[in-house]
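Colleague: Please take a close look at the salt bridges in this model. I would like the pairs, their distances and their exposure in one connected answer.

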Amino acid sequence: METKPCLYCKEVFPPNKYAPRQKVCSRPECQKRRQLESMRVWREKNPSYFKYDESKGLAWLETQRKRSRIWRQKNPEKVRLYRQTHSTQYRQYMRDYMRRYRELKKGKNAPADPQSP
Ligand SMILES: [Zn+2]
């Protein structure tokens with residue numbers, strides 16, 4: 001069996017026979033790094049999974065919340081009307097969305113889950 005250098009520490013390691021395509025050695029530092037990396041990749045593939053962009057920070061989120069709260073207070077009629085006309089559509093949309101999401105997760109082309117979410 002051929003050995004190959006670790007993606008991170010460049011040390012040559014024997015690949016696990018159960019995971020022959022493994023690119024990272026078994027050192028805890030490298031495994032941790034691999035886990036973080038796969039989480040980052042997963043997030044990039046699933047941008048809508050998280051409700052807001054963390055890079056913008058909590059201040060940004062708070063501003064958005066405040067803004068929409070003020071808008072709702074100023075436009076109670078619009079909010080009520082919107083809810084009436086959209087609640088059915090929205091529920092249907094969420095059902096479809098969740099079904100697609102579950103199917104995608106089961107399928108072969110599903111993006112890899114992070115090891116620990
Ligand atoms: Zn390594």
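Modeller: The salt bridges come first below, followed by a helix contact.

This is a predicted model, in which local features need pLDDT of at least 70 and side-chain atom pairs count only at pLDDT 80 or more, while totals for chains, interfaces and linings use all residues. Residues are numbered from 1 along each chain as its sequence is written, and side-chain values use heavy atoms, with hydrogens and water left out.

Side chains of opposite charge can pair when their charged atoms come close. A salt bridge here is a side-chain nitrogen of Lys or Arg within 4 Å of a carboxyl oxygen of Asp or Glu. Searching the whole structure gives five salt bridges.

One of them joins glutamate 37 to arginine 40, with the closest N and O atoms 2.7 Å apart. These two residues are three apart in helix H1 (residues 28–45), and therefore separated by about one helical turn. Helices are DSSP runs (H or I, at least four residues), numbered from the N terminus. Glutamate 37 has 32% relative accessibility and so counts as partly exposed; the class lies between buried (under 20% relative accessible area) and exposed (over 50%), using a 1.4 Å probe and protein chains only. Arginine 40 is also partly exposed, at 39%. The pairing extends further, as Glu37, Arg40 and Glu44 are linked in a network of salt bridges.

In helix H3, aspartate 96 and arginine 99 are likewise three residues apart, about one turn of the helix. Their side chains meet in a salt bridge at 3.6 Å, N to O. Aspartate 96 is partly exposed at 23% relative accessibility, and arginine 99 is partly exposed with a relative accessible area of 45%.

Another salt bridge, at 3.0 Å from N to O, brings together the side chains of glutamate 29 and arginine 27. Glutamate 29 is partly exposed at 48% relative accessibility, as is arginine 27 at 35%.

Helix H3 (residues 76–106) also meets helix H2 (residues 57–74): their axes come within 5 Å and cross at roughly 95°. H2 and H3 are therefore roughly perpendicular to each other, a label for angles of 65 to 115 degrees. H2 contributes Trp71, Arg72, Gln73 and Lys74 to the contact, and H3 contributes Pro76, Lys78 and Val79, where contact means heavy atoms within 4.5 Å. The residues of this contact divide into three nonpolar, one polar and three charged.

How values were computed. Axes are lines fitted to C-alpha atoms, for helices over the stretch in contact, and angles run from 0 to 180 degrees between N-to-C directions. Angles under 35 degrees count as roughly parallel, over 145 as roughly antiparallel, 65 to 115 as roughly perpendicular and the rest as oblique. Ala, Val, Leu, Ile, Met, Phe, Trp, Tyr, Cys and Pro count as nonpolar, Asp, Glu, Lys and Arg as charged, and the others, Gly among them, as polar.
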